[in-house]
Amino acid sequence: MSLLELHTRSLELAAEVVDTVRPELLELATPCAGWTLRRLLEHVVGQHRGFAAAARGAGPDLALWRDAPLGGDPAGAFRRSAADLTAAFAEASAAGRELWLPEIRAGGAFPLRQAVGFHLLDTLVHGWDVAAALGVPSGVAAAVDGDGRLAAVLLSVAELVPAAPEDRAPGRAFQGRREPGGGAGPFDRALALLGRDPDWAPPAGGDRPQA
């Protein structure tokens, strides 16, 4: 399975979680400090659009990466932008195009494979963020842990994320690395590398989806 196919798989895993997000749940807390579920999904859809624009040759225009309103259909906004991104990555692959990513360090051109790896990691981690906000994080982790190729790519990218103090300062995308617990699977190890707490739980008292 190619990296683009694994990326598509990661988008589908995340989409299956987002499909369960009802509008009344958008104010739930998430593992991203200070971000509600609405804010997180607006960021995710904005990233889909930004990566798609970059894949089609856009330059260092941060406006293309703005958070995107969800409207009344969070799942639809996610799936539509994900489908467009999948098509854009395929176009970039056919054209042999590098992607300009203005949000990474000072910005610059990155090989498509590296850019796809970045987004695959973001997709799976934010998919887990959504699932954790809903109180059901184990499904995403189990799905990744059950797919050796996907888990290997996720871990390899997570290990390459810069971990110097200035890269993990408050307000950055990821916090300082954690030590994974004994017996942690690949997904939990990746979360720990990125500073996520695999045992994060939503505050008590919030609404939860009905079984």
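In the predicted model, Asp122 is in contact with Gln47, Gly127 and Phe174 when its neighbours within four places in sequence are left aside. Asp122 belongs to helix α4. A separation of 14 Å is found between the C-alpha atoms of Asp122 and Ala192, two residues that stand 70 residues apart along the chain.

The overall architecture provides the setting for this residue. The protein is made up of 7 helices and 2 strands, and from the N terminus on these elements follow the order α-α-α-β-β-α-α-α-α. The radius of gyration is 16 Å, close to the 17 Å given by the globule rule for 211 residues, so the protein is as compact as a globular protein of that length. The C-alpha trace spans about 50 × 40 × 35 Å along its principal axes.

Burial, surface and contacts were also computed for the whole chain. Of the 211 residues, 46% count as buried. The protein exposes about 10000 Å², and 54% of this area is supplied by carbon and sulfur atoms. Among contacts in the protein with a separation of 6 or more, 67% are accounted for by residues 24 or more positions apart.

The search for enclosed space returned 1 cavity of 30 Å³ or more. The largest cavity holds about 100 Å³ of space. Its lining consists of 14 residues, of which Val44, Phe78, Asp122, Thr123 and His126 are the closest to the centre of the cavity. Two or more lining residues are given by each of the elements α1 (3-18), α2 (37-55) and α4 (112-133). Helix α4 supplies the largest share of the lining, with 6 residues. Classed by type, the lining of the largest cavity comprises 6 nonpolar, 7 polar and 1 charged residues.

Thr123, one of the residues closest to the centre of the largest cavity, is likewise placed in helix α4. The relative accessibility of Thr123 is 7%, and Thr123 therefore counts as buried, the limit being under 20%. With neighbours within four places in sequence left aside, the contacts of Thr123 are His7, Ser10, Leu11 and Ala14.

A further buried position is found in helix α2, where His48 is located. His48 has a relative accessible area of 1% and is therefore buried. Apart from neighbours within four places in sequence, His48 is in contact with Leu11, Phe78, Ser81, Ala82, Leu85 and His119. Leu11 thus appears among the contacts of His48 and also among those of Thr123. Phe78, a contact of His48, is one of the residues closest to the centre of the largest cavity.

Asp199 presents the opposite case with regard to accessibility. This residue lies in the segment after α7 (186-193). Because its relative accessibility is 67%, and the exposed class begins over 50%, Asp199 counts as exposed. The C-alpha atoms of Asp199 and Ala132 are separated by 9.1 Å, although the two residues are 67 residues apart along the chain.

How values were computed:
Residues are numbered from 1 along each chain as its sequence is written. This is a predicted model: local features need pLDDT of at least 70, side-chain atom pairs count only at pLDDT 80 or more; totals for chains, interfaces and linings use all residues. Side-chain values use heavy atoms; hydrogens and water are left out. On a 1 Å grid over the protein atoms alone, a cavity is a set of points where a 1.4 Å probe fits but cannot get out, and a pocket is an open set with protein on both sides within 12 Å along at least five of seven lines; lining residues have an atom within 4 Å of a point. Grid points are joined across faces, edges and corners, and a volume is the space filled by probe spheres set on the points. Helices (H or I, at least four residues) and strands (E, at least two) are DSSP runs, numbered from the N terminus. Ala, Val, Leu, Ile, Met, Phe, Trp, Tyr, Cys and Pro count as nonpolar, Asp, Glu, Lys and Arg as charged, and the others, Gly among them, as polar. Buried means under 20% relative accessible area, exposed over 50%, partly exposed in between (1.4 Å probe, protein chains only). Contact means heavy atoms within 4.5 Å. The radius of gyration is taken over C-alpha atoms; the globule rule is 2.2 Å times the number of residues to the power 0.38. Accessible areas come from the Shrake-Rupley method with a 1.4 Å probe; for residues, only the protein chains shown count as cover.
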